[in-house]
Amino acid sequence: MSYDPQNIFARILRGEIPCTKVLETPHSLAFRDIAPQAPDHVLVIPKGPYATYDDFATGASEAEIVDFTRAIGQVCALLGVGPGVGGGGFRLISNAGRDGVQEVPHLHVHILAGRNLGRMLNPPR
Ligand code: 5GP
């Protein structure tokens, strides 16, 4: 998927659209989803122009990959959701492309927590 610099998350990164920021690091930004599907629903994005996780994993620098991975951990810590620290747990999701039903074409990991999230996928139709 080619990168569209006019996507909504690129505009959030440029400060053209507001967001409820949870964390900012040198290479990553985390903010609350505008339409939360759980009591805690935070999106973590890299600042670089990557459309999907596989683009990022293939093309990002080691510094970006470490920063992004650590940012996810930091957000979990801020939310207090890690089972290892007494939290109730969480789910990470990163949708990609048509079959992944990706709405915004800038890599994002959803962190969902705060309720029992049920099974991962709906049964096939
Ligand atoms: P996707 O379906 O691409 O994995 O998820 C995109 C997510 O971005 C959705 O959960 C949607 O609610 C969220 N979203 C879309 N537009 C905005 C926005 O302008 N601000 C924020 N904070 N979230 C958005």
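Author: Two strands count as paired here if DSSP finds at least two bridges between them. Keep that in mind for this model, which is predicted.

Reader: Fine. What makes strand 4 and strand 5 a pair?

Author: The definition asks for at least two bridges. Strand 4 and strand 5 (residues 109-113) are joined by 4 bridges and run antiparallel, so the pair passes the cut-off of at least two. Looking at individual residues, Leu92 sits opposite Ile111 in strand 5, and Ile93 has His110 as its bridge partner in strand 5.

Reader: And what makes strand 3 a partner of strand 5?

Author: Apply the cut-off again: at least two bridges are needed. Strand 3 and strand 5 share 5 bridges, in the antiparallel sense, so they pair as well. Here Val44 faces Val109 of strand 5.

Reader: How do you know that strand 1 and strand 2 belong together?

Author: They have 3 antiparallel bridges between them, so they too satisfy the rule of at least two. Lys21 is the residue opposite Phe31 in strand 2. The two strands make a hairpin, with 3 residues between them.

Reader: In what order do the strands lie in the sheet?

Author: The order is 1-2-3-5-4, in an open sheet of 5 strands with antiparallel pairing.

Reader: Why are strand 1 and strand 4 called edges?

Author: Strand 1 (21-24) and strand 4 (90-93) each have a single partner strand, so one side of each has no neighbour in the sheet. As for twist, the average is 20 degrees from one strand to the next.

Reader: What packs on that sheet?

Author: Helix 3 (residues 62-79) does, touching strand 1, strand 2 (28-32), strand 3 (40-46), strand 4 and strand 5. The helix direction makes about 160 degrees with that of strand 3.

Reader: Why is strand 5 called largely enclosed?

Author: Buried means under 20% relative accessible area. In strand 5, 5 of the 5 residues are buried, so the rest of the structure largely encloses the strand. In a regular strand the side chains alternate between the two faces of the sheet. Strand 5 has both faces covered: Val109, Ile111 and Ala113 are buried on one side, and His110 and Leu112 on the other.

Reader: What makes His41 count as buried?

Author: His41 has a relative accessible area of 2%; the cut-off is under 20%, so His41 is buried. His41 lies in strand 3. Leaving aside residues up to four places away in sequence, His41 touches Phe31, Arg32, Asp33, Ala35, Pro36, His110, Ile111 and Leu112. The C-alpha atoms of His41 and Ile111 are 5.6 Å apart, although 70 residues separate them along the chain.

Reader: How do you know that His41 makes a polar contact with His110?

Author: The two side chains come to 2.8 Å, and a polar contact calls for N or O atoms within 3.5 Å, so the pair qualifies.

Reader: What about Gln102: buried or exposed?

Author: Buried: Gln102 is at 14% relative accessibility, which falls under 20%. Gln102 is in the loop between helix 4 (97-100) and strand 5. The Gln102 side chain reaches the backbone nitrogen of Gly97 at 2.8 Å, and one of its polar atoms lies 3.0 Å from the backbone oxygen of Val104.

Reader: What makes Asn7 buried?

Author: Its relative accessible area of 4% is under the 20% limit. Asn7 is found in the segment before helix 1 (8-13). The side chain of Asn7 makes a polar contact with that of Tyr3 at 3.2 Å, and a polar atom of the Asn7 side chain lies 2.9 Å from the backbone nitrogen of Phe9. Beyond four places in sequence, Asn7 touches Val104, Pro105 and His106.

Reader: Which residues come nearest to the ligand?

Author: Among the 16 residues around the ligand, Asp33, Asn95, Glu103, His108 and His110 come nearest.

Reader: What makes Asp33, His108 and Val101 polar contacts of the ligand?

Author: The limit is 3.5 Å between N or O atoms. A polar side-chain atom of Asp33 is 2.5 Å from a ligand oxygen, an N or O atom in the side chain of His108 is 2.8 Å from one, and a polar backbone atom of Val101 is 3.4 Å from one. Taken alone, the ligand exposes 520 Å², of which the protein buries 88%.

Conventions. Residues are numbered from 1 along each chain as its sequence is written. This is a predicted model: local features need pLDDT of at least 70, side-chain atom pairs count only at pLDDT 80 or more; totals for chains, interfaces and linings use all residues. Side-chain values use heavy atoms; hydrogens and water are left out. Axes are lines fitted to C-alpha atoms, for helices over the stretch in contact, and angles run from 0 to 180 degrees between N-to-C directions. Contact means heavy atoms within 4.5 Å. Buried means under 20% relative accessible area, exposed over 50%, partly exposed in between (1.4 Å probe, protein chains only). A polar contact is a pair of N or O atoms within 3.5 Å; within protein, one must be able to donate a hydrogen and the other to accept it, and residues adjacent in sequence count only if both atoms are side-chain atoms. A residue is near a molecule or strand if one of its heavy atoms lies within 4 Å of it. Accessible areas come from the Shrake-Rupley method with a 1.4 Å probe; for residues, only the protein chains shown count as cover.
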